[in-house]
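Reader: Could you walk me through this model, starting with any enclosed space and then moving on to the helices and the aromatic rings?

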Amino acid sequence: MDQRLFIVDAFSHSVFAGNPAAVVILPEWPKEEWMQNVAKENNLSETAFVVKEGAEYRIRWFTPQVEVDLCGHATLAASYVLKNHYQESRLKFQFLSKSGNLPISIKEELIYMNFPIYPNFNKNTSIDPKTIVSILGKEPEEIWEGKDTIFLYKSKQDIEILNPDFHKLKELPTNRGYIALWINHAQSSSDDYEFRFFGPGLGIPEDPATGSAHCSLAPFVSERLKKDIFKSYQKSNRGAEFFIELQNERVSIGGSAVLYLQGTIKKPI
């Protein structure tokens, strides 16, 4: 029997927006090489593989190049598939992962994921912001280093016009990815912050919708806006909406998802 595969657009109410992720629900774990080959063949930013363990589920995420420790949009997509195609009727369940337990809550049309935060950031003084012009196309106000590297900009127009040189960007030090961020201090729109996420070292030049980015962004923005509940928008060419709540050492990341495609692939050997 062939294996079912789903492609879901995450953090969007409609297809062709948000971030597409592939989801494969398996009866048992296949060889890692097979999972990596499937992710490479899908050629999406992430493919999630899920196996049920007792009452819960274990999840693993693969880019076309590597396995990663955490992925938001593929977790959202996997939750959507379990709920709509595998008779998961509970409003609360959880995934087991390399990043610990990830509780999931279903509230009306939104799926909320509970992730660990990446709270520790240090202002980078070794890189002159002016040198970023040749890499991103615009000088940031500040550069901060943590699990992700944050380039802080003055306006949302600043992040819109960025045109990254991904080869040069990949040479900059980072633990994971690069975030171009604008914080809405004036509260001039419904979004508290807007951002773009670049992950050339992960095989993802620019990610359309990055749920795990809020593990860094939620504590970073909270410290500057002095509040814990946010609405956020990712300014990719597809766009993505997030509903965020910082909860001590965790962050709740909410969003919608919609099925784009389902089919079958060759059963793993």
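**Cavity, helices and rings**

Author: About 30 Å³ of space lies in the largest cavity, where a cavity is a set of points on a 1 Å grid over the protein atoms alone at which a 1.4 Å probe fits but cannot get out, and a volume is the space filled by probe spheres set on the points, which are joined across faces, edges and corners. This is a predicted model, in which local features need pLDDT of at least 70 and side-chain atom pairs count only at pLDDT 80 or more, while totals for chains, interfaces and linings use all residues. Residues are numbered from 1 along each chain as its sequence is written, and side-chain values use heavy atoms, with hydrogens and water left out.

Reader: Which residues line the largest cavity?

Author: The lining, meaning residues with an atom within 4 Å of a point, consists of Phe-11, Ser-12, His-13, Leu-110, Glu-241, Phe-243, Gly-255 and Ser-256.

Reader: Switching to helix 1, which of its residues are buried?

Author: In helix 1, residues 32-42, the buried ones are Trp-34, Met-35, Gln-36, Val-38 and Ala-39. Buried means under 20% relative accessible area, exposed means over 50%, and partly exposed is in between, using a 1.4 Å probe and protein chains only; helices (H or I, at least four residues) and strands (E, at least two) are DSSP runs numbered from the N terminus.

Reader: And what covers those buried residues?

Author: The cover includes strand 1 (3-10), strand 2 (19-26), strand 3 (47-53), strand 4 (56-62), strand 5 (67-68) and strand 18 (257-265). Just after the helix, Asn-43 takes a positive phi of about 55 degrees.

Reader: Thr-47 caught my eye; is it buried or exposed?

Author: Thr-47, which is found in strand 3, is buried, with a relative accessible area of 0%. Its side chain makes a polar contact of 3.0 Å with the side chain of Asn-42, a polar contact being a pair of N or O atoms within 3.5 Å in which, within protein, one must be able to donate a hydrogen and the other to accept it, and residues adjacent in sequence count only if both atoms are side-chain atoms. Leaving aside residues up to four places away in sequence, Thr-47 touches (heavy atoms within 4.5 Å) Ala-22, Val-24, Ala-39, Asn-42, Arg-60, Trp-61 and Phe-62.

Reader: Now the rings: how many aromatic pairs are there?

Author: The count is 15 aromatic pairs, where rings of Phe, Tyr and Trp (its six-membered ring) pair if their centres lie within 6.5 Å, with planes under 30 degrees apart counted as stacked, over 60 as edge-to-face and the rest as tilted. In one of them, Phe-16 and Tyr-260 have ring centres 5.9 Å apart and planes at 65 degrees, so this pair is edge-to-face. Phe-16 lies in the loop between strand 1 and strand 2 and Tyr-260 in strand 18, so the pair ties together parts that are 244 residues apart in sequence.

Reader: How accessible is Phe-16?

Author: Phe-16 is exposed, with a relative accessible area of 61%, whereas Tyr-260 is partly exposed at 45%.

Reader: Last topic, helix 6: why is it described as largely enclosed by the rest of the structure?

Author: Of the 12 residues of helix 6 (residues 214-225), 10 are buried, so the helix is largely enclosed by the rest of the structure. Among them are His-214, Cys-215, Pro-219 and Phe-220, and just after helix 6, Lys-226 takes a positive phi of about 60 degrees.

Definitions and conventions
On a 1 Å grid over the protein atoms alone, a cavity is a set of points where a 1.4 Å probe fits but cannot get out, and a pocket is an open set with protein on both sides within 12 Å along at least five of seven lines; lining residues have an atom within 4 Å of a point.
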